[in-house]
Amino acid sequence: MADNYPYFHPLYAGQMLKPPHPVARAAYAMAMWLNPNNHALDGGRASSRMEVEAVREIAAMFGWQEFLSHLTSGGTFANLEALWVAGQLAPGKKIAASTQAHYTHSRISGVLKLPFSAVAVDDRGRMDLTALEDTLKAGDVGTVVATLGTTALGAVDPLREILALRERYGFRLHVDAAYGGYFRLASNLEEEARRAFEAISGVDSIVIDPHKHGLQPYGCGCVLFRDPAVGRFYKHDSPYTYFTSNELHLGEISLECSRAGASAAALWATQRLLPLMRGGEFARGLERGHEAARRLHARLAADERLIAGPEPQLDILVWAVQAKTLEESSQRAQEVFDQAAERDLHLALVQLPVRFFAGRGCWKGAQEDEAQDSMVSCLRSVLMKPEHLDWVDEIGIRLDEAVNVNDAIV
């Protein structure tokens, strides 16, 4: 296990890896002595009650009192269930998601044998409303997936406006908030992101991952449906597991069978300590990550050697390295990545459309058509730990050293 990055440390600023809270680790370990299975009450009596209570609090965070929800092994399976239900309600109809949505949506659509349409995004990586409406005009879209917190940029789709389009075109609206869902509690978001999160109570289904911003061990996802009646699609007979209680068994409203009751115990315990409320300690941790990303972005934007991407809507930011050509810029990004790692600063690499950097600098000598149509390898940071706010200056110093070495090599 020594052959890993220090994911717990603020100098790890690469992928979406946030250490579980100590109370989550303790609760998970204690529950594992019994190893409960939350498929049926027979296998997880107390942990099933914990799951029901924990998901009720998550639903309340989104403004729902009546709902159907349960935990899953992760966001991928949670999205599978949401799109499976969507397919039951609109059989054979298309799933539409943005080109910056997680690839799991197109993959799941294939698994479900449903057609899929990728919708263009704007220059900040958000679903383009004109492109979406053009797709909807064909009349064959059954479900639109809006993403609140894309993987590459942390971009927040314009949910309020997508809800307005639903009134006109009658599609089902699913929100993939696997990464960004908890930011509904943050009070320091920009206006557009804030408006999107405020509108989330009007959608049909939501996915959120407690094992991302919810301080939980892997794997812990959650799917929520606004209409409890969709539970009818899960109906099945299993006389060998559901026989000691007339209460609802969680396996009766889930596609998954065996699931770790320890995940429910860990989430329940964490939410006892850190309630899901605005202004609370948990919410302040999210706000600190967002502020850290804004501060680092400002520092990058002031550096002529770098090209800052869109201003972060959550706690993810991207930047490219200035060069004469896109190919050279991509190569230098890899070199800065390597030099940063030599200084114990661990970043991530991502390929993005060049137009995401339009108006924030330009590659010297790059042609206009090249800048519009091509992709470039750039650097990416996820500042999701509250401690990142205290380490922004140190991150900036080590990144500056990495870029300096790269300049010297060039």
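Buried, as used in these exercises, means under 20% relative accessible area, and the structure they concern is a predicted model.

**Exercise 1. Identify the buried residues of helix 7, determine how they are arranged around the axis, and name the helix they pack against.**

Step one is to list the residues of helix 7, which spans residues 191–198, that are buried: these are A193, A196 and F197. Step two is to consider their directions around the axis; they cover an arc of only 95 degrees, which puts them on the same side of helix 7. Step three is to ask what lies against them, and here the buried residues of helix 7 pack against helix 6.

**Exercise 2. Describe the buried and exposed residues of helix 1, and place A29 in the picture.**

Begin with the buried set: in helix 1, residues 22–32, the buried residues are A24, A27 and A31. They cover an arc of only 70 degrees around the axis, and therefore lie on the same side of helix 1. Helix 8, residues 261–273, is included in what covers these buried residues. Next, turn to the face of helix 1 that points away from the buried side, where the exposed residues P22 and M30 are carried. Finally, A29 also belongs to helix 1, and with a relative accessible area of 43% this residue is partly exposed. As for its distance from a residue elsewhere in the chain, A29 and T150 are 121 residues apart in sequence and 32 Å apart in space, taken from C-alpha to C-alpha.

**Exercise 3. Locate D157, and work out whether its buried side chain is paired with an opposite charge or lacks a salt bridge.**

First, D157 is placed in the loop between strand 4, residues 141–147, and helix 6, residues 159–169. Second, a salt bridge requires a side-chain nitrogen of Lys or Arg within 4 Å of a carboxyl oxygen of Asp or Glu. The nearest side chain of opposite charge to the buried D157 is R126, which is 6.8 Å away, and D157 has no salt bridge. Third, the side chain of D157 does reach a backbone atom, the nitrogen of M127, at 2.8 Å. Fourth, with residues up to four places away in sequence not counted, D157 touches several others, among them S98, G125, V145, I162 and A196.

**Exercise 4. Characterise the nonpolar cores, and examine V203 and L399 in detail.**

The largest nonpolar core has 58 residues, and those touching the most other members are I58, V144, L148, L159, L173, V203 and L224. Helix 2, residues 45–61, supplies the largest share of this core, namely 5 residues. If residues up to four places away in sequence are not counted, V203 touches W64, L159, L163, R166, L173, V175 and R226. A second, separate core comprises 25 residues and includes A293, L379, L389 and L399.

The last of these, L399, is found in helix 12, residues 388–409. Because its relative accessibility is 4%, L399 counts as buried. Beyond the residues up to four places away in sequence, L399 touches L300, L306, W319, V336, L345 and L347. In addition, L399 and A340 are 59 residues apart in sequence, while their C-alpha to C-alpha separation in space is 6.0 Å.

**Exercise 5. Determine whether S109 is buried or exposed, and list its contacts outside its sequence neighbourhood.**

Start from its position, which is in helix 4, residues 104–111. Its relative accessibility is 0%, so S109 counts as buried. Leaving aside the neighbours within four places in sequence, S109 is in contact with I95, L114 and F116.

**Exercise 6. Find the backbone features in the loop between strand 6 and strand 7, and in the loop between helix 1 and helix 2.**

Take the loop between strand 6, residues 205–208, and strand 7, residues 221–225, where G219 has its place. A cis peptide bond joins Y218 and G219, with omega at about -10 degrees. L215 lies in the loop between strand 6 and strand 7, and has a positive phi of about 65 degrees although this residue is not a glycine. L215 is buried, given its relative accessible area of 11%. Then turn to N35, which lies in the loop between helix 1 and helix 2; its phi is near 55 degrees, a positive value in a residue other than glycine.

Terms used. Residues numbered from 1 in each chain as written. Predicted model: local features only at pLDDT ≥ 70, side-chain atom pairs only at ≥ 80, totals over all residues. Heavy atoms only, no water. Buried < 20%, exposed > 50% of the residue type's maximum accessible area, 1.4 Å probe, protein only. Helix = DSSP H or I, 4+ residues; strand = E, 2+ residues; numbered from the N terminus. Arc of directions from axis to C-beta. Contact = heavy atoms within 4.5 Å. Lys, Arg positive; Asp, Glu negative; His and termini not counted. Polar contact = N/O pair within 3.5 Å; in protein donor to acceptor, adjacent residues only side chain to side chain. Core = buried A, V, L, I, M, F, W, Y, C linked by side-chain atoms within 4.5 Å.
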